[in-house]
Amino acid sequence: MTTPSLKLDPYACIDEVPLHRVRGNQLGILLSVIATIAAQQYWILLLPLAVQLVGRAYGVRYNLFVRALSPLLPASAKTESRELLRFNNLLAILFLAVALLGFALGIETLAYVSLGMLTAAVVLALSGFCLGCFMYFQWKQFLARRRLRKS
């Protein structure tokens with residue numbers, strides 16, 4: 001009698017997400033921003049916004065950028081905390097939404113500043129420094145100091 005082989009879902013990330021999957025998402029955002037600027041077609045930003053919203057709602061396994069780009073990157077044993085990734089995901093959604101709103105309302109300065117901030121954060125993250133993680137840490141420190149002052 002043979003035992004059925006268990007097939008694990010490689011995209012099932014409970015608490016930690018492998019770094020190559022994180023990098024796949026970041027690369028997808030960066031390529032979308034580059035395509036948007038190069039083509040001067042601002043509706044392209046709807047793609048990364050939709051991908052980030054779906055990923056936030058349903059998890060990394062439904063993130064199109066992770067599915068398409070992470071297999072092209074070398075697998076990594078390093079991981080990132082899901083809590084930090086959710087915060088970074090929220091920042092990406094915010095920057096993309098503000099950029100789209102800026103372009104839609106004709107406030108191109110706002111749109112380009114938002115895209116610039118998003119691009120800087122993604123390039124830094126791909127280079128190894130997580131700006132969103134740093135911001136999250138500072139936020140948690142602020143909340144902890146505030147709690148200590150109240151007690």
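The exercises below, each followed by a worked solution, concern a predicted model of one protein chain.

Residues are numbered from 1 along the chain as its sequence is written. In this predicted model local features need pLDDT of at least 70, side-chain atom pairs count only at pLDDT 80 or more, totals for chains, interfaces and linings use all residues, and side-chain values use heavy atoms, with hydrogens and water left out.

**Exercise 1. The chain as a whole**

Describe the secondary structure, extent and surface of the protein chain, and state which share of its residues is buried.

Solution. Begin with the secondary structure, where helices (H or I, at least four residues) and strands (E, at least two) are DSSP runs numbered from the N terminus. The protein chain has six helices and two strands, and along the sequence these follow the pattern β-α-α-α-β-α-α-α.

Turn next to the extent: along the principal axes, the C-alpha atoms fill a box of roughly 70 × 55 × 25 Å.

For burial, the cut-offs are under 20% relative accessible area for buried, over 50% for exposed, and partly exposed in between (1.4 Å probe, protein chains only). By this scheme 38% of the 151 residues count as buried. The accessible surface, from the Shrake-Rupley method with a 1.4 Å probe and with only the protein chains shown counting as cover for residues, comes to about 9600 Å², and 68% of that surface belongs to carbon and sulfur atoms.

Finally, consider contacts, meaning heavy atoms within 4.5 Å: among those between residues at least 6 apart in sequence, 74% join residues at least 24 apart.

**Exercise 2. Two residues in contact**

Locate Ser-114 and Ala-99, decide whether each is buried or exposed, and list what each touches.

Solution. Ser-114 belongs to helix α5 (residues 108-127), while Ala-99 is in helix α4, which spans residues 82-105. Ser-114 counts as buried because its relative accessibility is 2%, and Ala-99 is buried because its relative accessible area is 0%.

Leaving aside neighbours within four places in sequence, Ser-114 contacts Phe-95, Val-98 and Ala-99, and the corresponding list for Ala-99 holds Leu-45, Ala-111, Ser-114 and Leu-115. As a further distance, the C-alpha atoms of Ala-99 and Leu-110 are 6.8 Å apart, with their positions 11 residues apart along the chain.

**Exercise 3. Two prolines**

Compare the settings of Pro-48 and Pro-71, and give for each a C-alpha distance to another residue.

Solution. Pro-48 lies in helix α2 (residues 46-58), whereas Pro-71 is in the loop between α3 (64-69) and β2 (79-81). Pro-48 is classed as buried because its relative accessibility is 0%; Pro-71 is classed as exposed because its value is 54%.

Not counting residues up to four places away in sequence, Pro-48 touches Ser-32, Phe-65 and Leu-96. From Pro-48 to Gln-141, 93 residues apart in sequence, the C-alpha distance is 30 Å, and from Pro-71 to Gly-24, 47 residues apart in sequence, it is 8.1 Å.

**Exercise 4. A backbone angle in a loop**

Which sign does the phi angle of Gln-40 have, and where does this residue sit?

Solution. Gln-40 has a positive phi of about 55°, although it is not a glycine. Its place is the loop between α1 (19-39) and α2, and Gln-40 counts as partly exposed because its relative accessibility is 41%.
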